Amino acid sequence: MTHDKHPPAAIEQANILSYITFNWIQPMLLHGRKHTLVADDLQRLSENDKIQRISDLMLREWTHEVEAKKQANMSHNKRMKRPNLYKVLWRCFGLYACVPFVSGLMECACKIGEAVLLGHVIRFFDKPDMAVAEGMGYAMALFLVTLFRGTVHHHNFFHVLRIGTWTRQSLIALMYRKCLTLSTSSSISTGTVVNMISNDLQPFENCAPFGLYAVLGPLEMIAVMYFLWKEIGVACFSGLLALSLLMPIQVLFSRRFGTIRTKTVQARDDRIRTLSDVFSGIELVKLCAWEVPFQEKVMMLRSIELNYIWKANTMRAINMSIYFFFQPLVALFAFVTYWLQGGTLAPDKVFVSLTLFNILRQTMTSFFPKALESMAEVRVSAKRITDFLMLPELRTIGDELEDANMDLDSDSDPNPDAVNTKGGDPILDALIEMRDASFSWAIVSEEKNEILEPSAKEKKQKEDQNKEKAHHDIHKDNDVVALDSLKKPILSHITMSLHRDELLAIVGPVGCGKSSF
């Protein structure tokens, strides 16, 4: 299957009307209605959705952020601050995120407009003297606002889900590139990296549809309270008071979600790390019959992880129950207060107020809590991903040469009589210098010719033997006496030097000492 077999991306060829109404996807839907869709029927990715563009953009902005932090800390002589992953994501996708934010504001205005127009339509039926044209105008306006709201709603979710997909894909590509350059000094395991990619990136995608409601929610609540004031007066504040009782609960839930998320990922990392160690040393586990202890250890870690997951799901269930419980409670507080003030509960006021309270319920008890919950999980994941991206990397040859040239420039002496380290003395330029060197392996036993590590008692006995031999042969060199048990040198009379930008190759027949060198 080649790239040319796929039809071009229809979203790039769509006109404004087709883009607004999502008509550009209609040909594929019609084709799928008559035929079974196969891989060749899928359209090509648009240029904005290609992973090459997204990953390069993320890598460029992340590198810029790291370099900016380094330069800022070097200029202020302070400890290096951590790069901000949120700033990187904003520079990558922040401008595009303004589109769903504007469409979200328009959707909020349409929802409030529907409630207001609904009140005018109900008043038209209660007032026979109202002109028919006026009533038809309100009805037509209600229809158009509802239609426009549906269109804006789908565009809002289309763009935010697209941003969530971009964020996930770009971070996966950035972490994969980091894995290719990780230094061996980093102790992170493969299972931990896989866990981060499969679990820690999901909150970013989950936060995309609801994250904007952390800002849109309070703005919508202010607008709704204004129109409620016009409908039922001071009684709207009693409903707001009942709704305000929900805010401390949501803040508490948000903090608890963040804490549980942190403990959950820690427990998951411990379990995956233990499983990786068991699988890597499974031969030793089977040899020593450690299956049952390790099984109990893994099950214990899994039970701890499931305990945190159960707590998180319980809090989500409570949050969902609050969503269905608070709407009638808020309406009860508001209408009872309005009735006690002597007001008449007319149909237009009841239906308009219920619609407005329902808007508050959907936003402030569903979308807004989900926004806080997902943002708390994103905060934990962002910290873990930043820690991973800041792990030490392997230094390339270009980096080594650049540092070497900087060292030579800094160490150069302006005195013309001094030795020029850039090429004057080859000894100073050499990385490794040997002259008539000889090498041998460790001390060996005379009987079995095996490499041994002498104990303290053996060392003392050897020293006593050497002293006795020294009395019998006083002309024998002391160094030879001390090394009489050393194996014959494997490498002798080695003279060589290794400079920068040089490649050293060791060649020779089998058994000549290549590995020893």
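**Figure 1. A network of salt bridges links R268, R271, R302 and E305.** In this predicted model, the four residues R268, R271, R302 and E305 are joined to one another through a network of salt bridges. The structure as a whole holds 21 salt bridges, and further examples are taken up in the views that follow.

**Figure 2. The salt bridge between D387 and R82.** The side chains of D387 and R82 meet in a salt bridge, with a distance of 2.5 Å from N to O. Because D387 belongs to helix 14 (residues 347–389), whereas R82 sits in the loop between helix 4 (51–76) and helix 5 (85–126), the pair ties together parts that are 305 residues apart in sequence. D387 is partly exposed, its relative accessible area being 29%, and R82 is likewise counted as partly exposed, at 43% relative accessibility.

**Figure 3. The salt bridge between D270 and R273 within helix 11.** Here the side chains of D270 and R273 form a salt bridge at 2.9 Å, taken from N to O. The two residues are 3 residues apart in helix 11 (residues 246–280), which means that about one helical turn separates D270 from R273. With a relative accessible area of 33%, D270 is partly exposed, and R273, with a value of 35%, is partly exposed as well.

**Figure 4. The salt bridge between E433 and R435.** A salt bridge brings together the side chains of E433 and R435, the distance from N to O being 3.5 Å. The acidic partner, E433, counts as partly exposed at 37% relative accessibility, whereas R435 reaches 57% relative accessibility and counts as exposed, the limit for that class being over 50%.

**Figure 5. The crossing of helix 6 with helix 8.** The axes of helix 6 (residues 132–180) and helix 8 (residues 202–210) come within 8 Å of each other and cross at roughly 165°. Since angles over 145 degrees count as roughly antiparallel, helix 6 and helix 8 are therefore roughly antiparallel to each other. The crossing in which helix 6 passes helix 8 is right-handed. On the side of helix 6, the contact is made by F157, V160, L161, G164, T165, T167, R168 and L171, and these meet Q202, F204, E205, A208 and P209 in helix 8. By residue class, the contact of helix 6 with helix 8 divides into 7 nonpolar, 4 polar and 2 charged residues.

**Figure 6. The surroundings of S374 in helix 14.** S374 lies in helix 14, the helix that also contains D387. At 5% relative accessibility, S374 counts as buried, a class that requires a value under 20%. When its neighbours within four places in sequence are left aside, S374 is in contact with N206 and C207.

**Figure 7. Overview of the chain as the setting for the close-up views.** The secondary structure of the chain comes to 18 helices and 2 strands. Of the 517 residues in the chain, 34% are buried, and S374 is one of the residues that count as buried. Among the contacts in the chain that join residues at least 6 apart in sequence, 79% are between residues at least 24 apart.

Methods. Residues are numbered from 1 along each chain as its sequence is written. This is a predicted model: local features need pLDDT of at least 70, side-chain atom pairs count only at pLDDT 80 or more; totals for chains, interfaces and linings use all residues. Side-chain values use heavy atoms; hydrogens and water are left out. Helices (H or I, at least four residues) and strands (E, at least two) are DSSP runs, numbered from the N terminus. Buried means under 20% relative accessible area, exposed over 50%, partly exposed in between (1.4 Å probe, protein chains only). Axes are lines fitted to C-alpha atoms, for helices over the stretch in contact, and angles run from 0 to 180 degrees between N-to-C directions. Angles under 35 degrees count as roughly parallel, over 145 as roughly antiparallel, 65 to 115 as roughly perpendicular and the rest as oblique. A crossing is left-handed if the near helix is turned anticlockwise from the far one by less than a right angle, and right-handed if clockwise. Contact means heavy atoms within 4.5 Å. Ala, Val, Leu, Ile, Met, Phe, Trp, Tyr, Cys and Pro count as nonpolar, Asp, Glu, Lys and Arg as charged, and the others, Gly among them, as polar.
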